[in-house]
Amino acid sequence: MAKVRKRFVCQACGSVSSRWQGQCADCAEWNTLVEDTSAVVTPFSARHDLRSGGRAVELVGLDADVVLPPRTGTGIKEFDRALGGGLVSGSATLIGGDPGIGKSTLLLQAAAHIAARGLPVAYISGEEAADQVRLRARRLGLGAAPVKLAAATSVRDILTTLSESAPPALLVIDSIQTMHSDLIEGAPGTVSQVRASAQELIRFVKETGTALVLVGHVTKDGSIAGPRVLEHMVDTVLSFEGERSHQYRILRATKNRFGGTDEIGVFAMEEEGLSEVSNPSALFLTHRGESVSGATVFPALEGTRPVLVEIQALTVRLASGATPRRAVVGWDSGRLAMILAVLEARCGLSFSTAEVYLNIAGGYRVSDPAADMAVAAALVSALAERPVASETVAFGEVSLSGELRPVAHGALRLKEAAKLGFKRALVPASLSAEKSGMALTGFRTLGQLVDHLLGRQ
């Protein structure tokens, strides 16, 4: 008699265990094993293996001719930039982000642009009624777009409907956590339901050549909810970032099988929906009519796009014996501690009796190590209350020895700064010979930079 065998699947790495345990033996994550029901085991399958009875698979070499997959432009250049050039036919894309960040708005705009070119587009909403989506489209000025709209949560009903006519060029599922497959027991949103629903939808688009876009919920720490296997199943994972209190939004690819993950798309939320931002630096630079102590401009690099951001620092002297506070917004707090330690040990500056506050203007988040030099300049300027010239940018990596190290794409950063009217740059000495049209001041050590900012040389 056939019997159902229980198994426990790790939601972090996908490994399977025959019994539950608190820690996964493969990835060492805690409390990630969830009970799942595997296939029915028959006496025949128990006695035989899988090394015979199948069909032969064709093996090809790496030098075989490959045809590039066709792409469909979304009509939104910033969206296409993050995707690597557009949506690939037969691909599955997962986009996640905080509630209210603009995921549905962006996809509705992209669906309307594609449908306006005469391509069939289906938009399936599992969270909102069709009238709600229709009202949003009217607010965005897209009420006349020929998008096929439906409100459904059954994967069987959705695939049956799509199979009755020609497959659409784009299928949007909003969201995958609301989908339900009758092949699996459980409520929508559970681990098994999300995995099974996504698998059926991905199988459909791989067979028909439809481009699939799945909207995913996120947890409180910003990761996509549901099984981690979901991110492995899709071809592209996009993260829609930004603060609801700020105007800007950043679309970033964290996985892309058909392109790079070093490009971003920048949008601004307006009354008419999401608008493209061709010059992101304008969002993150404040009005610089006069120089202010503790403020420097850093040319960050996102993929091949330079983005100029303002780094703001503030130091407050405390009474003797008080514990100083370190607060960081938009940067790594550990790296700030390292810069402060190098300034004290190598440059003779004392921050031990001062509170230090560091902020990246506009809500932007910086992870580029080239920001070390700009942060150090902002801290020295705030401590000494000596402003850095408003037409000056700074970038470079700081080592523990106090040496200033060069960073990648220095010429590209300088070109963008010159385009926006900046005239001088504080850079590592190895970049001082580059032709950029700007007046470069090179430094070999952080101590030389501090002496320059304090007017000692």
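Q: How far is the sulfur of Cys10 from the closest cysteine sulfur, and which residue holds that one?

A: Keep in mind that this is a predicted model. The partner to look at is Cys13: its sulfur is the closest to that of Cys10, at 3.6 Å, which is too far for a bond. The cut-off used here is 2.5 Å between the two sulfur atoms, so the pair doesn't make the list.

Q: How many disulfides does the structure hold, then?

A: Zero.

Q: Are Cys10 and Cys347 buried or exposed?

A: The usual trick is to look at relative accessible area, where anything under 20% counts as buried. Cys10 comes out at 0%, so that's buried. Cys347 sits at 14%, so Cys347 counts as buried too.

Q: Let's try a helix. Which residues of helix 12 are buried?

A: Here's the general idea: an α-helix has 3.6 residues a turn, so residues three or four places apart point the same way. Now the case at hand: helix 12 runs over residues 446–453, and its buried residues are Leu446, Leu449, Val450 and Leu453. Look down the helix axis and these buried residues fall within an arc of 100°, so they line one face of helix 12.

Q: What covers the buried residues of helix 12?

A: The cover includes two helices, helix 9 (333–347) and helix 10 (372–384). Strands contribute as well, among them strand 20 (397–398), strand 21 (404–405), strand 22 (424–428) and strand 23 (439–443).

Q: What does Gly455 do just after helix 12?

A: Check the backbone there: Gly455 takes a positive phi of about 75°.

Q: On to the strands. In which sense do strand 15 and strand 16 pair?

A: To read a pairing, follow the bridges from one strand to the other. Strand 15 (residues 295–302) and strand 16 (residues 305–317) are antiparallel, joined over eight bridges. As an example, Pro299 stands opposite Leu308 of strand 16. The hairpin they form has two residues between the strands, and Gly303 in that hairpin has a positive phi near 70°.

Q: Which residue of strand 18 is the bridge partner of Arg317?

A: That's Ala354. Strand 16 and strand 18 (residues 354–360) pair over seven bridges, in the antiparallel sense.

Q: Where does Gly226 lie?

A: Find the loop between strand 10 (211–216) and helix 7 (229–233), and Gly226 is in it. With a relative accessible area of 41%, Gly226 is partly exposed. To see how sequence and space compare, take Gln193: Gly226 is 33 residues from it in sequence, with 9.3 Å between the two C-alpha atoms.

Conventions. Residues are numbered from 1 along each chain as its sequence is written. This is a predicted model: local features need pLDDT of at least 70, side-chain atom pairs count only at pLDDT 80 or more; totals for chains, interfaces and linings use all residues. Side-chain values use heavy atoms; hydrogens and water are left out. Buried means under 20% relative accessible area, exposed over 50%, partly exposed in between (1.4 Å probe, protein chains only). Helices (H or I, at least four residues) and strands (E, at least two) are DSSP runs, numbered from the N terminus. The arc is that of the directions from the helix axis to the C-beta atoms. Contact means heavy atoms within 4.5 Å. Two strands pair if DSSP finds at least two bridges between them.
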